Amino acid sequence: MVMSTLVFPTRTNVRWDKNENGLITIFQEKKLGSFEKRISKIFGAPTEVKRPLDEMNSALWLLMDGTNNLSQIIAILDDLFAEKIAPAPERISKSIAEFRNLGLVDLVIQP
């Protein structure tokens, strides 16, 4: 197992925006086949998915800029949200895993 001080969660190159309340919305392109693209164009369907994040995941998103390791992120979010995020390591790890499954975050391992 890799130590969390060596793991740097890093956002992928995806469009996102922060609103006036500090909440993040991620805009992710839909992966459509050629037939689906044509149907989408005919009906004017959106070509991207909007993923609004809650307060805790917005804070996590901002911290995953490649400069904070996993241990630092856990400590910062635990201080920020205290009981709301307990147990912090498990909740944060689960959120990061979901971001990875969606292709929004990579884990960079530093020697």
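# Notebook: a one-chain look-through

**Overall layout.** I counted secondary structure to begin with: the chain has four helices and five strands. I'm working from a predicted model, so I treat everything below as computed. Reading along the sequence, I get the pattern β-β-β-α-β-α-α-α-β. I checked the extent next, and the C-alpha trace spans about 50 × 35 × 20 Å along its principal axes. Of the 111 residues in the chain, 30% are buried. I also looked at contact range: taking contacts between residues at least 6 apart in sequence, 65% join residues at least 24 apart.

**The sheet.** I traced an open sheet of three strands, ordered β2-β3-β4 and paired antiparallel. Which strands stand at the edges? They are β2 (15-18) and β4 (48-52); each has a single partner strand, so one side of each is left without a neighbour in the sheet. From one strand to the next, the twist averages 20 degrees. I then went through the β2 to β3 pairing and found four bridges, with the two strands running antiparallel. R15 has F27 in β3 as its bridge partner. On the sheet sits α2, which touches β2 and β3, and its direction makes about 70 degrees with that of β3.

**K50, on an edge strand.** I picked K50 because it is in β4 and has 58% relative accessibility, which counts as exposed, the cut-off being over 50%. Leaving out residues up to four places away in sequence, K50 touches T25, I26 and F27. I also took a distance across the sequence: K50 and W16 are 34 residues apart along the chain, and their C-alpha atoms are separated by 9.1 Å.

**The core.** I pulled up the largest nonpolar core, which has 23 residues. Which members touch the most others? I got I26, L60, W61, M64, L77, I92 and F99. Four elements each supply at least two residues of this core: β3 (24-29), α2 (55-63), α3 (70-81) and α4 (88-101). I followed L60 outwards, skipping its neighbours within four places in sequence, and found contacts with I73, L77, I92, S95, I96 and F99.

**I73, from the other end of that contact.** I73 is in helix α3. Buried or exposed? I read 0% relative accessibility, so I73 counts as buried. Not counting residues up to four places away in sequence, I73 touches P9, L60, L63, M64, N68 and I92. As a long-range check I paired I73 with Q28, which is 45 residues apart from it along the chain; their C-alpha atoms are separated by 24 Å.

**Helix α4.** I did a quick geometry check here. At 1.5 Å a residue, the 14 residues of α4 should span 20 Å, and the end C-alpha atoms are 20 Å apart, which agrees. Next I listed the buried residues of α4: A88, I92, S95, I96 and F99. They cover an arc of only 95 degrees around the axis, which puts them on the same side of α4. I put that next to the usual helix rule: an α-helix has 3.6 residues a turn, so residues three or four places apart point the same way. What do the buried residues of α4 pack against? I found β1 (7-11), β3, α2, α3 and β5 (105-109). Turning to the face away from the buried side, I noted the exposed residues E90, K94 and N101. After α4 comes G103, with a positive phi near 75 degrees.

**Odd backbone spots.** I kept the background in mind for this one: most residues other than glycine have a negative phi, and most peptide bonds are trans. A82 is not a glycine, yet I read a positive phi of about 45 degrees there. A82 lies in the loop between α3 and α4, and at 38% relative accessibility A82 counts as partly exposed. Where is P87? P87 is also in the loop between α3 and α4. The peptide bond joining A86 and P87 is cis, with omega about -10 degrees. I logged A82 and P87 together under the α3 to α4 loop.

Technical notes: Residues are numbered from 1 along each chain as its sequence is written. This is a predicted model: local features need pLDDT of at least 70, side-chain atom pairs count only at pLDDT 80 or more; totals for chains, interfaces and linings use all residues. Side-chain values use heavy atoms; hydrogens and water are left out. A nonpolar core is a set of buried Ala, Val, Leu, Ile, Met, Phe, Trp, Tyr and Cys residues joined through side-chain atoms within 4.5 Å. Buried means under 20% relative accessible area, exposed over 50%, partly exposed in between (1.4 Å probe, protein chains only). Contact means heavy atoms within 4.5 Å. The expected span of a helix is 1.5 Å times one less than its number of residues. The arc is that of the directions from the helix axis to the C-beta atoms. Two strands pair if DSSP finds at least two bridges between them. Axes are lines fitted to C-alpha atoms, for helices over the stretch in contact, and angles run from 0 to 180 degrees between N-to-C directions.
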